[in-house]
Amino acid sequence: MSPKPRVIYWFRTDLRLHDSPALHAALDLKPESLYPIWCWDPHYVYRARVGPNRWQFLLDCQNDLSESITKLNKKSKLFVIREAPQTVLPKLFKAWNISHLVFERDTDPYAKERDAKVMELAKEAGVEVVATRHGRTLYDPDELVKANGGKPTMSITQVQH
């Protein structure tokens with residue numbers, strides 16, 4: 001019998017528990033251990049031009065998420081890590097003996113590049129990646145562009161057809 005999966009669930013833009021397809025995919029693995037993490041990616045932290053209210057909102061959401069995780073499992077919490085995912089995830093794969101990395105796919109250019117690097121590093125570490133297609137949007141943005149002949153949709157009518 002093969003060992004039960006040890007999973008990192010990487011929270012990114014979607015800080016929900018109740019209807020997250022990616023989190024559902026992580027739980028479907030029936031893991032022995034599930035490590036919920038959030039990385040303060042320097043790309044966003046040092047390049048984001050946002051006010052203090054937006055930063056406070058993000059911190060409040062992280063605290064709420066961590067409290068919600070602890071309500072479900074008193075021995076668990078959100079691990080908030082101040083390091084780029086490309087450098088910290090390989091360390092965690094090894095330290096926590098991770099077999100799977102699960103996250104929701106992102107569509108912005110930097111995220112696509114970052115995720116490709118993370119997936120390459122996971123493969124090198126023998127970690128299986130489960131990247132769900134979408135969860136925070138009604139439709140997969142890449143699929144909409146593809147269905148619209150390679151052009152972004154400009155109206156809801158284009159989405160509906």
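## Spaces inside the model, and the helix beside them

By class, 6 charged, 3 nonpolar and 1 polar residues make up the lining of the largest cavity. That is a good place to start a tour of this structure, which is a predicted model. Its mean pLDDT is 89, and 94% of the residues in the chain reach 70 or more. Confidence varies along the chain: among its elements, helix 4 (residues 85-95) has the highest mean pLDDT, 98, while helix 7 (residues 156-160) has the lowest, 70.

**The enclosed spaces**

Two cavities are worth knowing about, as the structure holds 2 of 30 Å³ or more. The largest cavity contains about 70 Å³ of space. It is lined by 10 residues, and those closest to its centre are Trp10, Arg12, Thr13, Asp14 and Glu104. Strand 1 (residues 6-11) provides the largest share of this lining, with 3 residues.

**The open pockets**

Now let us turn to the pockets. This table sets out the two largest.

| Pocket | Volume | Lining residues | Closest to the centre |
|---|---|---|---|
| Largest pocket | about 630 Å³ | 22 residues | Arg12, Thr13, Trp38, Arg54 and Leu58 |
| Second largest pocket | about 370 Å³ | 17 residues | Leu34, Pro36, Ile69, Asn73 and Ser76 |

Which element gives the most to the lining of the largest pocket? Helix 3 does, with 5 residues. Strand 1, strand 2, helix 2 (42-45) and helix 3 (52-72) each supply at least two residues of that lining. By class, the lining of the largest pocket has 15 nonpolar, 6 charged and 1 polar residues.

In the second largest pocket, the lining divides into 11 nonpolar, 3 polar and 3 charged residues. Strand 2 gives the largest share here, 4 residues.

**Helix 4 and its two sides**

Helix 4, the element with the highest mean pLDDT, is a helpful one to look at closely. Its residues Pro85, Val88, Leu89, Leu92 and Phe93 are buried. Why do these residues lie on the same side of helix 4? They do so because they cover an arc of only 140° around the axis. On the other side of helix 4, Lys94 and Ala95 are exposed.

What do the buried residues of helix 4 pack against? Their partners are strand 1, strand 2 (33-39), strand 3 (79-81), strand 4 (100-104) and helix 5 (109-124). Just after helix 4, asparagine 97 has a positive phi of about 55°.

Terms used:
Residues numbered from 1 in each chain as written. Predicted model: local features only at pLDDT ≥ 70, side-chain atom pairs only at ≥ 80, totals over all residues. Heavy atoms only, no water. pLDDT = per-residue confidence, 0-100. 1 Å grid on protein atoms, 1.4 Å probe; cavity = no way out; pocket = protein on both sides within 12 Å on 5 of 7 lines; lining within 4 Å. Points joined across faces, edges and corners; volume = space filled by probe spheres on them. Nonpolar A, V, L, I, M, F, W, Y, C, P; charged D, E, K, R; others polar. Buried < 20%, exposed > 50% of the residue type's maximum accessible area, 1.4 Å probe, protein only. Arc of directions from axis to C-beta. Contact = heavy atoms within 4.5 Å.
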